[in-house]
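Let's take a friendly walk through this structure together. Have the sequence and the 3D view at hand, and follow along residue by residue.

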Amino acid sequence: MWIPSLLAITLALISVSVVALPDALTRQCSAINLLTTTAEELSYTLAAGDVSSVGVIRLYLDHIKKYDVHLNAMIQLAPKSSVLDIAASLDYERKMGKIRGPLHGIPVIVKDSIATDPALGMETTAGTYALSGSRVSGDHPAVARLRKAGAIILGKANMSVWSYFRANFGSIPSGWSPRGGQTISAYSLSADACGSSTGSAVSVSAGFSPLALAAETDGSIICPGNRAALYAIKPTVGLTEAGGGLLSIGGAVPVARSMDSVGVMAKGVWDLVAAMDVMVDDYDAGRKSWGYWDAVEMGRKDLWSGLRIGIGSRKVYFDPEIVGSNIVEACDDAVQRLRSMGAVLVEVDMPGLEVVLTSLLVRLLLPTHSLLTDAGTEFKEDLEQYLSTLTGTSLHNLSDVVEYNNVHSATEMPENHCCQENFLEALTTSPDSEEYRAAKENARTNSQELGIDYALNLFNVSAILVPADGPSSAMTALAGYPIATAPLGYLQDEERPFGVAFFTTAGKEDVLLRILAAWEKTFHARRTPDISRLELVDVNLEL
C-alpha cells in the first residue's frame with residue numbers, strides 16, 4: 001500500500017493553504033513594482049520574509065496574463081499548478097532554514113531554443129512547429145544548475161524562428177516565430193526589438209521575470225538586450241555547457257557549436273552575477289567562486305579606478321551612418337565621463353577587423369547573414385546530432401526540416417516571413433571541405449590573434465568599448481569570446497533604448513562584470529517602458 005511521505009503531506013498542505021489565501025498573498029506582494037524589481041531586490045525581500053515565492057509567482061503570472069497578449073514575449077508558460085507547487089516547496093525549504101543560494105525562489109524565463117526537462121510541462125522548439133511534440137532528454141546544463149540553486153522556471157520565451165538562421169537577414173522580422181507570433185518591444189509598438197532572443201529581452205523589460213536565459217551565435221543576446229535597456233552577457237563559448245566544452249549536443253537547438261553560447265539578461269548586474277555564478281561549467285564540481293562577486297564588489301566600490309579600456313575603431317563601430325549620430329554622440333559623452341572618473345580609455349586597433357567585416361569567408365555573422373561555409377557547415381552537422389537526441393519526432397536531419405518547411409509553408413514560411421535559403425545553402429556544405437577549414441582558420445586568426453587579443457595585449461587594456469548597435473558582436477562571435485551590454489540612453493524618434501557593449505578575451509567574464517558594476521553605479525537607473533499605454537483586455541490564457 002502506498003503511504004505518502006511526511007514531506008509530501010506537508011507540501012500538499014502548504015499548497016492548499018496558499019491557494020486558499022490569494023488575497024493575503026496579493027497584499028504581501030502589492031509593493032513590488034515588476035518593471036523595476038531586480039532579482040537582487042526579490043532575494044532580499046524573500047529572505048526577510050516579507051513575501052513568499054508562491055506570492056511572487058502569482059504576481060508574475062497575473063502580470064503576464066495582463067500584458068503578454070500585446071507583446072507576445074512568451075511562447076509557453078509552465079503549468080500553473082506545477083510552478084506553484086515548486087514555489088511552495090521552496091518556501092517550505094526556506095522556512096526550514098535550507099536556503100539554496102541567492103536565487104532561491106526567484107523566477108527565470110528561458111529562451112525556447114534552450115532545453116527544459118519535459119517534466120516541467122514545456123516544449124523546446126526554437127519557435128517552429130517542426131519541433132513541436134519532440135521531447136528533449138533533460139535540461140540544458142545551465143538550466144539544471146539554476147534549478148538546483150532554487151530558481152523557478154516560469155516559462156519559455158518567444159524568439160526569431162530557428163535563431164534567425166533559416167533565411168537571409170531581413171527576410172523574416174526579428175522576434176517572429178510560427179509558434180509564438182510576432183514579439184513586440186515593450187518600449188515601442190513599432191520599433192524593432194531585435195533578435196533572436198527577442199522574447200527573453202522583452203519579457204525582462206516588461207516585468208515578466210527579473211531574469212531570462214538567452215542564447216547567442218552573433219548578436220542574439222547583445223542586440224535585443226541593448227534595445228530593452230538591460231544588462232546582458234554572452235559568456236565565453238563553452239563556459240555554461242557541460243564539462244566546459246563546446247555546445248552540449250541536446251542542450252539547445254544549435255546554430256554553430258563553435259559560436260553558440262547560453263547567457264543571461266537582467267535589469268541589474270547583481271542579477272547577472274547570481275545567475276552566472278551557478279551557470280558555469282564546474283559549479284557542480286565544488287568550485288566556490290569564479291571571482292564574479294569580488295569583481296562586482298570592486299566595481300561598485302572602486303568604480304573606474306585602475307581600469308584601462310580600449311575604444312573600438314571609430315571608422316567601424318562609431319560610424320554615424322551605421323549606428324546613428326545620436327548614439328555616437330551619447331557614447332562619446334560617456335567616454336568623457338569615464339575619463340573624468342579615473343578610467344584610462346585609449347583608442348585601439350585590430351588589424352583583423354576589416355578582414356572580418358569584408359571577407360566572404362566570414363560574412364555570415366554580419367547583418368547580411370549571407371550563408372557561406374563556416375557556421376552553415378556546423379549547423380548541418382550539429383542539427384543532425386541534436387535531432388538524434390530527441391524522441392517524439394520524425395525529423396532526423398536538415399533535409400527533413402527543409403521538407404517539413406516546404407510541406408507546411410503556410411505556417412512556417414507565410415508571406416513576408418520567407419524563406420529558407422540559408423538552410424538550402426547549408427545542405428551543400430561539408431566539414432571535410434577545404435573551404436570550410438580555410439574559413440575556420442581565417443575567422444579565428446582575424447578575430448583572435450589579429451583581433452581582440454591583439455588589441456588587449458598591444459594597448460594593455462582589459463576590455464574594449466563600442467556602441468552596442470552596429471557590428472558590435474561580430475568579432476566575439478567568431479572568436480568565441482565574451483561580450484556584455486549595458487544601457488545608456490533612449491532614442492526619442494525610434495522610441496527605443498540603446499547602450500554600449502564591452503568585450504574581452506576568453507574566460508574574463510569577471511572583467512566584464514566589474515565594468516558593468518561600475519557602469520551601473522555611474523549611470524544609475526535604467527529607463528523602464530510605459531506599458532500602461534497598452535490596451536488592457538481580459539484574455540483567457542492557459543496559466
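Let's begin at Arg-300, which counts as partly exposed because its relative accessibility is 30%, and a residue has to be under 20% to be called buried and over 50% to be called exposed. Please keep in mind that you are looking at a predicted model.

Which residue forms a salt bridge with Arg-300? The partner is Glu-40, and the closest N and O atoms of the two are 3.5 Å apart. This pair links distant parts of the chain: Glu-40 sits in helix α3 (residues 39-47), Arg-300 sits in helix α10 (residues 292-302), and these positions lie 260 residues apart in the numbering. Glu-40 has a relative accessible area of 17%, so this residue is buried, while Arg-300, at 30%, is partly exposed.

The structure holds 13 salt bridges, so there is another one to visit. Arg-314 pairs with Asp-332, with 3.0 Å between the closest N and O atoms. Arg-314 belongs to helix α11 (residues 314-317) and Asp-332 to helix α13 (residues 325-340), so this salt bridge ties together parts that are 18 residues apart in sequence. Is each partner buried or partly exposed? Arg-314 is partly exposed, at a relative accessible area of 31%, and Asp-332 is partly exposed too, at 24%.

Now turn to Asp-469, which forms a salt bridge with Arg-496; here the closest N and O atoms are 2.8 Å apart. The two come from distant parts of the chain, 27 residues apart: Asp-469 is in the loop between β11 (463-467) and α20 (474-479), and Arg-496 is in strand β13 (residues 496-503). Both Asp-469 and Arg-496 are buried. They also take part in a network of salt bridges that links Arg-227, Asp-469, Glu-494 and Arg-496.

Our last stop is a serine. Where does Ser-220 lie? You will find Ser-220 in the loop between β6 (211-216) and α8 (222-226). With a relative accessible area of 7%, Ser-220 falls under the 20% limit and is therefore buried. What does the side chain of Ser-220 make a polar contact with? The partner is the side chain of Ser-196, at 3.0 Å. Setting aside neighbours within four places in sequence, Ser-220 is in contact with Lys-111, Gly-195, Ser-196, Ser-197, Ala-215 and Met-265.

Key
Residues numbered from 1 in each chain as written. Predicted model: local features only at pLDDT ≥ 70, side-chain atom pairs only at ≥ 80, totals over all residues. Heavy atoms only, no water. Helix = DSSP H or I, 4+ residues; strand = E, 2+ residues; numbered from the N terminus. Buried < 20%, exposed > 50% of the residue type's maximum accessible area, 1.4 Å probe, protein only. Polar contact = N/O pair within 3.5 Å; in protein donor to acceptor, adjacent residues only side chain to side chain. Contact = heavy atoms within 4.5 Å. Salt bridge = Lys/Arg side-chain N within 4 Å of Asp/Glu carboxyl O.
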